[in-house]
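Colleague: Hi! I have a new structure to look at and would like a quick tour before lunch. Can you help?

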Amino acid sequence: MSLRDEQGDLRETLESIRIEALEAIQGAADSESLEEVRIRFLGRNGLLSRALSGLRDVPAEKRPQAGKKANQVKQTLETALERRVDELAALSKPAQTAGSDLTLPGRRQWRGGVHPVTLVIDEICEIFGELGFTRAAGPEVETDWHNFTALNIPLDHPAADMHDTFYLDDGLLLRTHTSPVQARVMMEHEPPVRILAPGMVFRRDPYDASHAPAFEQVEGLAVDEGIDFIEFRAAIDYFVHRFFGPSTRTRFRPSYFPFTEPSAEVDVSCIICEGSGCAACKRTGWIEIMGSGMVNPAVFEAVGYDSERYTGYAFGMGPARIAMLRYRIPDIRLLYEADVGLLEQFA
Ligand code: PHE
């Protein structure tokens, strides 16, 4: 055999080792057979070292070249082995899971919950439901007639921009309160009427810790023959005791709304400090929860009710503020930014 041939033989041997080994590595189905492959090709007495013993027969000047080829093959095989180890580890993961205790109860996943403001709205509706109120709804895009005129607020009255309204085209606007639902319900139904209308309202307010340009309100309206202020107070007291607890006190403060006469802001004794004064109630011991009053006869006239025959009361409250108080949520923006850390706390 010529020297040239010997070197050629070695190259060929290395090449076939390379091909055969790569196939075996890829074909190894588990770590044990992979280890066998490693020993067969790269072990101390493996095919590669045995082939390398042939280097001795290669003439000295050609040896470096043949050595280089041998090292390349070795390197290729080691890399392929490492990659196959990783692949097999990844493949065996499901098998490991299958080996865990499947009789253990599953870990419950949080599948979403009811938003705290919705919880408050539902509870308000439930309590007033016990007094015979049912739910009503109206559109968020309103006419200026329903939002202002029918409610005894002339469009040139400061009250119309007091609300800092988002106006749309053609006498349409984003409702600034849920009170237009009063007008819609009365236009459609004869008394007696007892409704609650929860929904979103819109004002050009800043967006900060205590204001949002879109927020919820719950409107209440009761109209019948013979409804007086005493019945109104009794209904509000019933609600306050059921919602905030029996020891909560209620205070009616004179106020003004064009659609109620007389009008009152309803305060409750602070549910955090129980009236002794804290940051939440600005040291007054009281927290305002709604605007309210006896329905102004002008509103009955606007919707076609007999204002001599019927009386009623109306109120509007902000469930977001109530939710913040009740659940001690310090910033209103947490309610509107889908903060999962906050929402997860509500079942
Ligand atoms: N609509 C009033 C507001 O948004 C609240 C209110 C409703 C007052 C019903 C009286 C009667 O401020």
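Modeller: Sure, here is a walk through the fold, the cores and a few backbone details.

Modeller: One thing up front: this is a predicted model.

Colleague: Good to know. How many helices and strands does the protein chain have?

Modeller: There are 14 helices and nine strands in the protein chain.

Colleague: And what is its radius of gyration, set against a compact globule of 347 residues?

Modeller: The protein chain comes out at 40 Å, whereas a compact globule of that length would be near 20 Å. Along the principal axes, the C-alpha atoms fill a box of roughly 125 × 50 × 40 Å.

Colleague: What share of the residues counts as buried?

Modeller: Of the 347 residues, 41% are buried. As for the surface, about 19,300 Å² is exposed, and carbon and sulfur atoms supply 51% of that.

Colleague: How far apart are the mean positions of the positive and negative charges?

Modeller: They are 13 Å apart, for 37 positive and 53 negative charges.

Colleague: Let's go inside. Which residues have the most contacts within the largest nonpolar core?

Modeller: Those are F128, I236, F239, I289, Y313 and M317, in a core of 45 residues. Elements giving two or more residues to this core include α6 (116-129), β5 (214-224), α10 (229-244) and β8 (286-295). There is also a second, separate core of 24 residues, with V193, V299, Y305 and A314 among them.

Colleague: Nice. Back to M317 for a second: what does it touch?

Modeller: Leaving out residues up to four places away in sequence, M317 touches I124, F128, E216, Q217, V218, F239, I289, M290 and I322.

Colleague: I322 belongs to α12, right after that. Which residues of α12 are buried?

Modeller: P319, A320, I322, A323, M324 and L325 are the buried ones in α12. Their cover includes α6, β5, α10, β8, β9 and α13 (333-336).

Colleague: What about α9, which residues are buried there?

Modeller: In α9 (residues 180-188), the buried residues are P180, V181, Q182, A183, V185 and M186. Among the elements covering them are β2 (141-143), β4 (193-202), α11 (297-303) and β9.

Colleague: Switching to the backbone: where are the peptide bonds that are cis?

Modeller: One of them runs from P191 to P192, with omega near 0 degrees, and P192 lies in the loop between α9 and β4. Another is the bond from E261 to P262, where omega is near -5 degrees; P262 is in strand β7.

Colleague: And which residues other than glycine have a positive phi?

Modeller: N152 is one of them, with phi near 70 degrees, in the loop between α7 and α8 (158-162). R328 is another, at about 55 degrees, and R328 sits in the loop between α12 and α13.

Colleague: Why does R328 count as exposed?

Modeller: Because its relative accessibility is 55%, and the cut-off for exposed is over 50%. N152, at 32%, counts as partly exposed.

Colleague: Last one, A214. Is it in a helix or a strand, and what does it touch?

Modeller: A214 is in strand β5. Not counting residues up to four places away in sequence, A214 touches M200, V201, F202 and Y336. Y336 is 122 residues from A214 along the chain, yet their C-alpha atoms are separated by 9.0 Å. A214 is partly exposed, with a relative accessible area of 23%.

Colleague: Great, thanks for the tour!

Key. Residues numbered from 1 in each chain as written. Predicted model: local features only at pLDDT ≥ 70, side-chain atom pairs only at ≥ 80, totals over all residues. Heavy atoms only, no water. Core = buried A, V, L, I, M, F, W, Y, C linked by side-chain atoms within 4.5 Å. Buried < 20%, exposed > 50% of the residue type's maximum accessible area, 1.4 Å probe, protein only. Helix = DSSP H or I, 4+ residues; strand = E, 2+ residues; numbered from the N terminus. Contact = heavy atoms within 4.5 Å. Rg over C-alpha atoms; globule rule 2.2 N^0.38 Å. Areas by Shrake-Rupley, 256 points an atom, 1.4 Å probe, with all protein chains shown as cover. Lys, Arg positive; Asp, Glu negative; His and termini not counted. Charge placed at Lys NZ, Arg CZ, Asp CG, Glu CD.
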